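Me: I would like a close look at a single part of this model. Please keep the answer brisk and give the cut-offs.

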Amino acid sequence: MGKLIGYARVSTRAQDSDRQEVDLLAAGVRRDDLYVDHGVSGAKASRVDLDKALAALHDGDTLVVTTLDRLGRSTVNMLKLAEEIKAKGAGLRVLNLGGGDVDTSTPMGAMVFTVMAALGQMELEIKRERITDSVSKRRAAGKDLGGRKAQFTDSQIKNAARLIQAGEPAAQVARDLGMSRATLYRRMEVLSLPAKSRN
């Protein structure tokens, strides 16, 4: 019977891999056959300890992970990994996939893995769409999107100064620009622009 090679991953160095390690050891992985990547994103195709775990796999061995997302986020990457494992004559076992233990060395396990990987990718795409949709709606409603405030050019400040000189209320000009009246005056002072009408 082949060996069980365990792999765990946490995205940031502050995160703890203890729970994953405990589950992998409980599944029969020996401490010497356990590989852990710390502070590595699942989006990266190459991870140092994952590469070591794959290199340690031989015919009849099984790579064991706690959940599918430990292997990666993209369906393409996950399926590529599954093919690489299969080419070595090894299997892949996911301890918690769809609420159960799935082993790709069985036909049913291979099918479930493919379906779950595709669903994982679809979930990511849906999240991206939601974020894009939310940003578009906030932008259309003229709401603050966070991040850095808009930068105003010297030309915009000069135009604002001309409007104020022409009799437009400074508060209204500043509001139209999307800044406070105090900020507008500060910018005008920097450019040595007159602020005759401070209403």
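Which residues touch the most other members of the largest nonpolar core?

Reply: Leu63 and Leu71 do, in a core of 20 residues. This is a predicted model, where local features need pLDDT of at least 70, side-chain atom pairs count only at pLDDT 80 or more, and totals for chains, interfaces and linings use all residues. Residues are numbered from 1 along each chain as its sequence is written, and side-chain values use heavy atoms, with hydrogens and water left out.

A nonpolar core here is a set of buried Ala, Val, Leu, Ile, Met, Phe, Trp, Tyr and Cys residues joined through side-chain atoms within 4.5 Å. Buried means under 20% relative accessible area, exposed over 50%, and partly exposed in between (1.4 Å probe, protein chains only).

At least two core residues come from each of strand E1 (4–10), helix H2 (48–56), strand E3 (62–65), helix H3 (75–87) and strand E4 (91–97). Helices (H or I, at least four residues) and strands (E, at least two) are DSSP runs, numbered from the N terminus. H2 gives the largest share, 4 residues.

Now take Leu71. Neighbours within four places in sequence are set aside. Leu71 then contacts Tyr7, Arg47, Leu50, Leu63, Val65, Met78, Leu81 and Leu92. Contact means heavy atoms within 4.5 Å.

Another core lies apart from this one. That second core has 12 residues, including Phe152, Val173, Met179 and Tyr185.

Next in sequence to Leu71 sits a charged pair: Asp69 and Arg70 form a salt bridge, with the closest N and O atoms 3.1 Å apart. The term means a side-chain nitrogen of Lys or Arg within 4 Å of a carboxyl oxygen of Asp or Glu. Arg70 is buried at 13% relative accessibility, whereas Asp69 is partly exposed at 38%.
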